[in-house]
Amino acid sequence: MMTEWLRIRDVRVPGAAVRGGETELLDHGSDGSEPHDVLIADGRIVSVDGNAVGNAGAATVGGDAGDATGTESAESTPAPRECETVDAQGRWIIPGLWDCHTHFTQWAQTFGRLDLITARSAAEAMDMLRAHLEARRAAGTLSPDVFVVGMRFRHSLWADDAQPTLAAIDAAAGDQPVALSSADMHCGWVNSAAARRLGVHVGESGLVGELEWFDAYTKLNNAPGAAEETLRLLREAEADAAGKGVTGVRDYEMAENVDTWIRRFAQGVDRLRVDAGVYPERLQAAIDAGWHTGDELPGSHGLGRVGAMKLISDGSLNTRSAYCSTPYSGITPPTYGVMSYTPRQIEDYMRLATAHGFAIACHAIGDEANTIVLDAAAATGAHGSIEHAQMLKPADMPRFAALGLTASIQPQHAMDDRDVIDRFWAHPAGIPYPFRALYDAGVRLRMGSDAPVAPLDPWLAISAAVFGTESSDREPFQPEQCLDVRAALAASTAQGRDRLAPGDPADLVLLDRDPYAARSPEEMRAMPASVAATMVAGRWTFSRL
């Protein structure tokens, strides 16, 4: 059989070797001065048509992760002489997976906070809150001075007589300050004690609107011990991501991200590549500090970079605030949603970002918001992505490709929202979740989760994009918009390809099963269990070899 060696070279990182099923640090130190070679033998490189190319090896790992990495491919090339060999035992090799839209701190905190995603009414949510409070009291971890935080309630799916109320959360929580964030993070549900501490006004619903909630939410992490707890949860979230084959994330946490990630890398939070987004209100400070999109974060060994300017142009579907060209159905008085910035402000921020070397990552969900954002990009020459692009006018889809903009989509949102679309977007002027239409228009797709809105798991996104349903027992949602698995997997990598190629970074995943062999959503969603090892910049971040 012809043998193809995939040679990874010129990387200098604090290496890791697999011995006896455990991952251990090599002894050449953390300064990357001594390169270490690794050969992955007997692996199958997945090709774009779903076939494997013979056996493949990956070799030569060592040095600073920031150095350029490359791969060489040559038939019948002998293995490097002095290297450690890892036997892939015929496993499939794919490029490392990326989640291209996360709020990573908030996602990490879901590992330690009350998750309300399964609640089907306000009453069920309050039952879950009471049980959570009782368990915390019994464990001695409940303090009247510290917020109890819950995540991911989806009141848009609840009946009209099962909606949140201030009376209900006050009855469940009493004087304990409780703040619950909606699944799309665009509103909060708080009790009176929390409202007083956060300085927000709540009416009978107990709900805090999106712009006020964005500000209030950032105050929840200022409690005693919160920083230490967050660091622990960040490590847990990194490990969870590595176990799913994730090698990088784009972090659009609604906070100061550049300095935050510099500190985190210094604290050893270093299992992922991270692009740290910058919000408009912090853009001038980032410019004054000399940052540009793509700049390496000091101390990250090349794993951290300055990301794009993240601008939120409109609201969300579930809060009926995504800005649309037609009114929402069943809402009195009629509403079209809201813009977070005026069209002029959006254009001004894009012009400022572009002039100073920043890409854009502009949140736009409603069809009219997408038109406004596309107009601003055309006027300013901005480059980067439109995040979400959940409803688009047919005439706007080719404009993405013409302007060189990426559509950063979250396919799992379509699964979460399919029962809400008919309720609120019964007469849309655009096409909801037009994945295939964008792809056919030649638009580059990039996929993510918007974690914690959906779990940080590229396999969920791939499954939703390919099968259009979470269960084989349910018909696909908009089957005409489903992607083939090749396109979905490629959109979940940094390279935009589903096969390693010369010049790629040393980021890869070994799989126990062929990802193209999944024939149902259940099989694709179970793929994390088939991740055998994950490598980032030449270092194993997860392994059960």
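Here are some notes on the cores, the aromatic pairs and one helix of this predicted model.

1. Start with the packing. The largest nonpolar core has 96 residues, and the members that touch the most others are F104, M350, F358, F400, W425 and W459. As for helices, α14 (residues 458-467) gives the most to this core, contributing seven residues. Apart from it there is another core, made of 36 residues, including V148, V149, I169 and A195.

2. F358 deserves a click in your viewer. Setting aside neighbours within four places in sequence, F358 is in contact with V278, L283, A286, I287, W291, H292, T293, V306, G307, M309, A353 and H383. Keep A353 in mind, as it comes back under α9.

3. On to the rings. There are eight aromatic pairs in the structure. One of them joins W107 and F111: the ring centres are 5.4 Å apart and the planes sit at 85 degrees, so this pair counts as edge-to-face. The two partners differ in burial, since W107 is buried at a relative accessible area of 8%, while F111 is partly exposed at 28%.

4. Then look at W261 and F265. Here the centres are 5.7 Å apart with the planes at 50 degrees, so the pair is tilted; edge-to-face would need over 60. Both residues belong to helix α7 (residues 258-266) and are four residues apart, about one turn of the helix. That fits the usual geometry: with 3.6 residues a turn, residues three or four places apart in an α-helix point the same way. W261 and F265 are both buried, and together with F104 they form one aromatic cluster. R264 also joins the picture, lying over the face of W261 at 4.8 Å from the ring centre.

5. Now α9 (residues 343-355). This helix has 13 residues and reaches 18 Å from first C-alpha to last, close to the 18 Å expected at 1.5 Å a residue. Its buried residues are I346, M350 and A353. They cover an arc of only 65 degrees around the axis, so they lie on the same side of α9. The face turned away from that buried side carries the exposed residues R344 and A355.

6. What covers the buried residues of α9? The cover includes α8 (280-288), β18 (304-312), β19 (360-364) and α10 (367-380). To tie this back to the packing, M350 of α9 is among the core members that touch the most others, and A353 is in contact with F358.

7. One last backbone detail: α9 is followed by G357, which has a positive phi, near 80 degrees.

Definitions and conventions. Residues are numbered from 1 along each chain as its sequence is written. This is a predicted model: local features need pLDDT of at least 70, side-chain atom pairs count only at pLDDT 80 or more; totals for chains, interfaces and linings use all residues. Side-chain values use heavy atoms; hydrogens and water are left out. A nonpolar core is a set of buried Ala, Val, Leu, Ile, Met, Phe, Trp, Tyr and Cys residues joined through side-chain atoms within 4.5 Å. Buried means under 20% relative accessible area, exposed over 50%, partly exposed in between (1.4 Å probe, protein chains only). Helices (H or I, at least four residues) and strands (E, at least two) are DSSP runs, numbered from the N terminus. Contact means heavy atoms within 4.5 Å. Rings of Phe, Tyr and Trp (its six-membered ring) pair if their centres lie within 6.5 Å; planes under 30 degrees apart count as stacked, over 60 as edge-to-face and the rest as tilted. A charge sits over a ring if NZ of Lys or CZ of Arg is within 6 Å of the ring centre and within 35 degrees of the ring normal. The expected span of a helix is 1.5 Å times one less than its number of residues. The arc is that of the directions from the helix axis to the C-beta atoms.
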